[in-house]
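Please study the sequence and the 3D structure shown below before attempting the exercises. Each task is followed by a solution that proceeds step by step.

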Amino acid sequence: MTRSRRLCALTCALLAAVALSACGKHESKGLVRTAETEGIYLDISNLKYQIEVSRQLNPHDTQDRPYLAGIPADQQKLGPDQIWFGIFMRVQNETKQGLRPSNDIEITDSQDEVFKPIGLGSANNYAYRSNNIIPGEETMPLLDTPGFDSPSRGALILFKLTLTGLNNRPLELKLEGRNVPQQTGLFTIDV
């Protein structure tokens with residue numbers, strides 16, 4: 001086999017491996033992009049998503065209390081095996097038109113247990129709002145907002161995780177883009 005044929009075969013094998021690695025356990029009707037850690041940007045449906053930080057939130061800590069504002073009454077209590085877990089997301093719109101960020105987000109643990117975000121009311125100034133339009137050439141959280149001025153510089157996506165789920169790592173954040181053709185982003189969460 002000539003050197004150029006070997007190089008071509010190796011390139012094809014690498015491309016096939018990359019394509020298969022994006023398949024994972026998640027079903028998607030379109031392109032799947034993965035980030036093996038937080039801090040990586042994923043381009044999904046004309047928006048760039050980045051997890052600034054993820055962490056457990058303590059309702060007894062004065063610094064964390066504002067992040068837990070606006071939780072619906074029926075969701076406020078934690079069970080004995082539950083914790084509050086925050087994903088602080090940055091979403092950049094590099095287009096000239098206003099776009100809405102993903103409204104289909106979840107965390108999955110290694111045992112396929114799925115956790116959906118808690119919808120936060122208007123009392124929470126840090127919340128990720130999927131119905132808000134991100135203006136063209138802007139970033140969520142917007143400049144001069146509490147989310148932007150916070151240490152994380154991200155919009156809060158709040159979850160109730162179980163201790164079992166937290167221990168069944170790796171945890172993976174999945175988000176579906178709004179555009180057709182469908183695009184999916186998968187982030188491995190640093191816990």
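The exercises that follow concern a predicted model.

**Exercise 1. The chain as a whole**

Task: State how many helices and strands the chain has, and give their pattern along the sequence.

Solution.
Step 1. The chain contains 3 helices and 11 strands.
Step 2. In sequence order, these elements follow the pattern α-β-β-β-β-β-β-β-β-α-β-α-β-β.
Step 3. Of the 191 residues in the chain, 41% are buried.
Step 4. Among contacts with a separation of 6 or more, 74% join residues that are 24 or more positions apart.

**Exercise 2. The open sheet**

Task: Determine the order of the strands in the open sheet and identify its edge strands.

Solution.
Step 1. The open sheet consists of 5 strands in the order β1-β11-β10-β5-β6, and the pairing is mixed.
Step 2. The edge strands are β1 (31-35) and β6 (114-115), each of which pairs on one side only.
Step 3. Strand β10 (residues 171-176) pairs with strand β5 (residues 104-108) in the antiparallel sense, over 5 bridges.
Step 4. Two positions illustrate this pairing: Asp104 stands opposite Glu176, and Ile105 stands opposite Leu175.
Step 5. Strand β10 also pairs with strand β11 (residues 183-189), again in the antiparallel sense, over 6 bridges. In β11, Leu186 is the bridge partner of Lys174.
Step 6. A hairpin of 6 residues joins β10 to β11.

**Exercise 3. The surroundings of strand β10**

Task: Decide whether the two faces of β10 are covered or open, and examine Glu176 in particular.

Solution.
Step 1. In a regular strand, side chains alternate between the two faces of the sheet.
Step 2. In β10, one side carries Leu171, Leu173 and Leu175, and the other carries Glu172, Lys174 and Glu176. These residues are all buried, and both faces of β10 are covered.
Step 3. Because 6 of the 6 residues of β10 are buried, this strand is largely enclosed by the rest of the structure.
Step 4. Residues under 20% relative accessible area count as buried. Glu176 has a relative accessibility of 8%, so Glu176 counts as buried.
Step 5. The side chain of Glu176 also makes a polar contact of 2.6 Å with the side chain of Thr184.

**Exercise 4. The nonpolar cores**

Task: Name the residues of the largest nonpolar core that touch the most other members, and state which strand supplies the largest share of this core.

Solution.
Step 1. In soluble globular proteins, nonpolar side chains tend to be buried together.
Step 2. The largest nonpolar core has 28 residues, and those touching the most other members are Ile87, Met89, Ile107, Phe159 and Leu173.
Step 3. At least two residues of this core come from each of β2 (42-44), β3, β4, β5, β9 (155-162), β10 and β11.
Step 4. Strand β4 provides the largest share, 5 residues.
Step 5. A second, separate core has 12 residues, including Tyr67, Ile71, Leu120 and Tyr126.
Step 6. To return to Met89: leaving aside residues up to four places away in sequence, its contacts include Tyr49, Ile51, Ile157, Leu173, Leu175 and Phe187.

**Exercise 5. Aromatic rings**

Task: Find the aromatic pairs, and classify the geometry of each.

Solution.
Step 1. A pair of aromatic rings is described by the distance of the centres and the angle of the planes. Planes over 60 degrees apart count as edge-to-face.
Step 2. The count comes to 2 aromatic pairs. One of them is formed by Tyr67 and Phe88, at 5.1 Å centre to centre with 70° between the planes, and is edge-to-face.
Step 3. This pair links distant parts of the chain: Tyr67 lies in the loop between β3 (47-57) and β4 (82-93), and Phe88 lies in strand β4, 21 residues apart.
Step 4. Tyr67 is buried at 8% relative accessibility, and Phe88 is buried with a relative accessible area of 1%.
Step 5. The rings of Tyr67 and Tyr126 have centres 4.8 Å apart and planes at 70°, so this pair is edge-to-face.
Step 6. Tyr126 lies in the loop between β7 (117-118) and β8 (139-140), so its pair with Tyr67 ties together parts 59 residues apart in sequence. Tyr126 counts as buried at 18% relative accessibility.
Step 7. Tyr67, Phe88 and Tyr126 form one aromatic cluster.

**Exercise 6. Charges over rings**

Task: Over which rings do the charged ends of Lys48 and Arg153 sit?

Solution.
Step 1. The charged end of Lys48 sits over the ring of Tyr41, at 5.8 Å from the ring centre.
Step 2. For Arg153, the ring is that of Phe148, whose centre is 4.1 Å from the charged end.

Notes. Residues numbered from 1 in each chain as written. Predicted model: local features only at pLDDT ≥ 70, side-chain atom pairs only at ≥ 80, totals over all residues. Heavy atoms only, no water. Helix = DSSP H or I, 4+ residues; strand = E, 2+ residues; numbered from the N terminus. Buried < 20%, exposed > 50% of the residue type's maximum accessible area, 1.4 Å probe, protein only. Polar contact = N/O pair within 3.5 Å; in protein donor to acceptor, adjacent residues only side chain to side chain. Pairing = 2+ DSSP bridges. Phe/Tyr/Trp six-rings, centres within 6.5 Å; stacked < 30°, edge-to-face > 60°. Lys NZ or Arg CZ within 6 Å of the ring centre and 35° of its normal. Core = buried A, V, L, I, M, F, W, Y, C linked by side-chain atoms within 4.5 Å. Contact = heavy atoms within 4.5 Å.
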